[in-house]
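Thank you all for coming. I would like to walk slowly through one structure today, beginning with a single side chain and then moving outwards to the place where two chains meet.

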Amino acid sequence: MSETLSGADMLVRALQDEGVEYLFGYPGGAALHIYDAIFKQQKVEHILVRHEQAATHMADGYARATGKPGVVLVTSGPGATNAITGIATAYMDSTPLIVISGQVPTSQIGTDAFQETDMVGVSRPVVKHSFLIRDCAEIPRTIKTAFHLATTGRPGPVVIDVPKDTTDPDITAPYDYPESIRLRSYKPAKRGNGRQLRKAAKALVEAERPIIYSGGGVVQGDAGPALTRLAHRLGAPVTNTLMGLGAFPGDDPQFIGMLGMHGTYEANMAMHHADLIFAVGARFDDRVTNNPDKFCPDARIIHVDVDPTSISKIISADIPIVGDALSVLEELDALLETELAGHSERPGAAASKAWWGQICEWRDAYGLDHVMKPREDGVILPQQVIQSLYRATKGNAYVTSDVGQHQMFAAQYYKFPEGRRWINSGGLGTMGFGLPAAMGVQFAYPQATVACVTGEGSFMMNMQELSTCLQYGLPIKIVCVNNQALGMVKQWQDMQYSGRHSESTYSDSLPDFKTLVEAFGHVGFRIDHTSDLDAAMDEAFSAKLKDKVVFVDVWVDPDEHVYPMAIKGGSMRDMYLNKITTSQQGDYM
Amino acid sequence: MSRRVLAVLLENEPGALSRVVGLFAQRNYNIETLTVAPTEDATLSRVTLSTDGSDEKIEQITKHLNRLVDVVKVLDLHEAACVERELMFVKINAQGPDRAEVKRTCDIFRGQIVDVTATAYTVQLTGESRKLDAFIRALDRSAIIEVVRSGVSGISRGEKVLSA
């Protein structure tokens with residue numbers, strides 16, 4: 001005999017049965033039956049945020065750091081709509097999220113009732129799937145299905161909209177939590193096609209100028225070690241997308257940096273001149289390819305992705321492989337091992353030596369070290385902030401970021417040792433993501449060092465969560481690259497609008513962040529001279545302040561730009577290298 | 001660019017159709033016609049939609065449809081031989097000497113007059129979309145009072161089936 005429970009109790013019980021540790025949320029009328037059920041138990045800890053957007057980012061940060069789904073609970077109407085930005089953020093970066101939203105009672109749906117929003121409708125374009133509960137008896141199976149969908153195949157957010165009457169404490173139904181779910185309409189790919197894998201293996205061993213281009217799918221699929229083994233076997237250069245950083249160790253000699261709009265010179269040049277691109281868990285995003293018509297003219301393309309829609313969406317693949325990154329990389333590595341057995345080196349190896357020589361030349365000419373020119377007057381460059389952070393944390397921190405110049409600098413200059421260490425909003429580019437995401441990471445790993453690299457613009461989009469940090473004792477270290485402006489906007493205005501800084505500066509009205517964070521019960525420093533940078537960073541990460549939120553407000557050169565930067569409309573080799581030099585050559589445009 | 005007809009088996013759930021339609025809007029794909037009804041299995045609906053685009057675009061549409069959790073199967077009916085039909089009603093001004101002409105045109109196209117008033121005929125016509133277009137062209141435009149078309153429905157010829 002199964003137990004009989006109310007919808008609200010079933011919902012919370014199902015979360016317990018899924019092993020959910022934290023529920024990030026904010027109460028309101030339509031969700032109150034559920035909140036009452038939460039009150040009566042201890043297994044699932046509810047985290048009270050200060051804004052629903054932050055709840056979704058916290059759950060997202062938790063999910064990205066652990067690989068487990070993040071779970072959110074919000075009320076109807078504004079609670080639900082406030083969650084949308086976070087849901088869209090998770091959707092664009094394919095993170096597993098379960099968002100439970102309260103809804104007005106079934107009888108009031110469609111009547112423009114108080115705090116009514118068609119959540120299933122509003123969220124439709126930014127969810128993997130969604131459900132509207134019609135009867136409390138549906139709750140256990142729906143929750144099981146939602147977790148199954150969110151976490152398998154290409155992960156993504158799933159919304160469950162729960163009308164208040166279906167959680168009524170007086171209406172009960174039998175509770176049976178399904179062991180597993182089979183859906184006739186949903187069968188995510190697992191293993192790659194054998195024939196395609198063999199074709200890919202052959203192409204890889206024969207390539208003369210190969211490059212491995214790996215993305216967020218490798219991080220999500222926990223396939224970093226498998227990728228690293230394969231890359232070492234081939235000896236090929238590896239570039240990571242913004243979302244893929246860490247999947248291949250940032251300090252490995254075969255790593256040539258991030259690629260794309262603000263990728264390294266050597267990574268973008270190597271992509272453009274490659275004869276074989278092995279793309280895995282990456283989606284040829286416009287921020288990577290630049291102009292698709294001019295994309296890597298000599299390259300054959302192997303494209304591995306768990307989502308068939310990503311393949312040949314932007315760039316047509318020569319060898320498409322639909323499959324899970326881990327499974328495909330392991331099978332491919334085994335094939336390579338067999339293929340190479342008995343050979344002292346792979347057929348393309350001789351040519352590859354020249355290829356590496358070329359890549360090193362590119363790196364020596366215009367690598368990141370060349371791009372940054374430290375100033376002699378003590379003004380801090382934003383890149384130096386990241387270098388100092390890397391040094392102070394010995395490369396071992398979980399780093400979240402917001403969106404803008406500081407995000408690009410962090411991606412360029414922090415060398416991540418493994419996947420799930422670098423957490424940022426790559427696809428949607430959501431300002432305000434960094435702090436709550438860092439909090440989600442800290443909940444997952446209370447002992448870990450968690451740094452949020454932010455800018456003063458992004459930080460002010462979700463700074464109310466400083467209060468939540470105090471409530472739950474989350475000792476996030478916030479490194480604010482303060483350039484007194486919306487730096488990336490300003491950079492584009494410098495480069496494309498003759499320096500007309502339309503609505504991108506506000507230096508007269510910035511708060512004193514030190515006093516601001518102190519008002520929230522935290523510790524703040526402000527520094528503006530290179531001679532203080534390392535000391536401040538060391539103090540922020542010192543044992544003395546281990547249990548405190550520390551906000552390091554670093555005033556940097558407001559005129560610094562992020563370089564390299566892709567030249568719009570060009571190929572991957574077309575870049576601005578600094579304020580006066582471009583890489584343009586030959587047949588550009 | 002070519003016109004294509006896709007048959008989609010869909011879970012017969014609330015909101016399922018809106019996901020299909022939403023996908024087309026969201027990805028900037030065009031829907032020319034759309035028909036939907038439950039199948040003999042009440043848990044499944046069958047959608048037939050016609051769209052246009054290059055082979056690459058149709059492939060993307062098919063893949064995106066398949067990605068929707070409610071979509072059980074997708075078939076591009078034009079991949080092999082198929083039967084396509086569309087139903088149309090046309091209300092036509094039929095007065096004086098034109099009345100007989102309307103009747104004759106209707107007979108040529110094997111239409112049926114399903115409603116008659118002193119001044120108008122309502123004609124029912126089934127066939128491939130081209131045939132319905134031709135019928136409209138054959139009529140005096142000023143005589144057409146109202147047109148309603150069902151959109152295309154289709155099924156593969158031979159042994160090929162679309163089933164869950």
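The side chain of Thr400(A) reaches the backbone oxygen of Gly434(A) at 2.9 Å, and a polar contact, for our purposes, is a pair of N or O atoms within 3.5 Å, where within protein one must be able to donate a hydrogen and the other to accept it, and where residues adjacent in sequence count only if both atoms are side-chain atoms. Please keep in mind that this is a predicted model, in which local features need pLDDT of at least 70 and side-chain atom pairs count only at pLDDT 80 or more, while totals for chains, interfaces and linings use all residues. Residues are numbered from 1 along each chain as its sequence is written, chains are lettered from A and ligands numbered from 1 in the order in which they are written, and side-chain values use heavy atoms, with hydrogens and water left out.

Thr400(A) sits in strand β15, residues 398-401 of chain A, a strand being a DSSP run of E with at least two residues and a helix a run of H or I with at least four, both numbered from the N terminus. Is Thr400(A) buried or exposed? Its relative accessibility is 0%, so Thr400(A) counts as buried, since buried means under 20% relative accessible area, exposed over 50%, and partly exposed in between, with a 1.4 Å probe and protein chains only.

Let us turn to the two chains together. The contact, meaning heavy atoms within 4.5 Å, takes 22 residues from chain B and 18 residues from chain A. Between these chains there are 4 salt bridges, each being a side-chain nitrogen of Lys or Arg within 4 Å of a carboxyl oxygen of Asp or Glu. Arg184(A) and Asp41(B) form a salt bridge through their side chains, at 3.9 Å from N to O. There are also 10 residue pairs in polar contact between chain B and chain A, both residues being at pLDDT 80 or more.

Finally, a salt bridge inside chain B joins Asp55(B) and Arg4(B), whose closest N and O atoms are 3.1 Å apart. This pair links distant parts of the chain, with Asp55(B) in helix α2 and Arg4(B) in strand β1 (residues 2-11), 51 residues apart. Asp55(B) is exposed, at a relative accessible area of 53%, whereas Arg4(B), at 14%, counts as buried.
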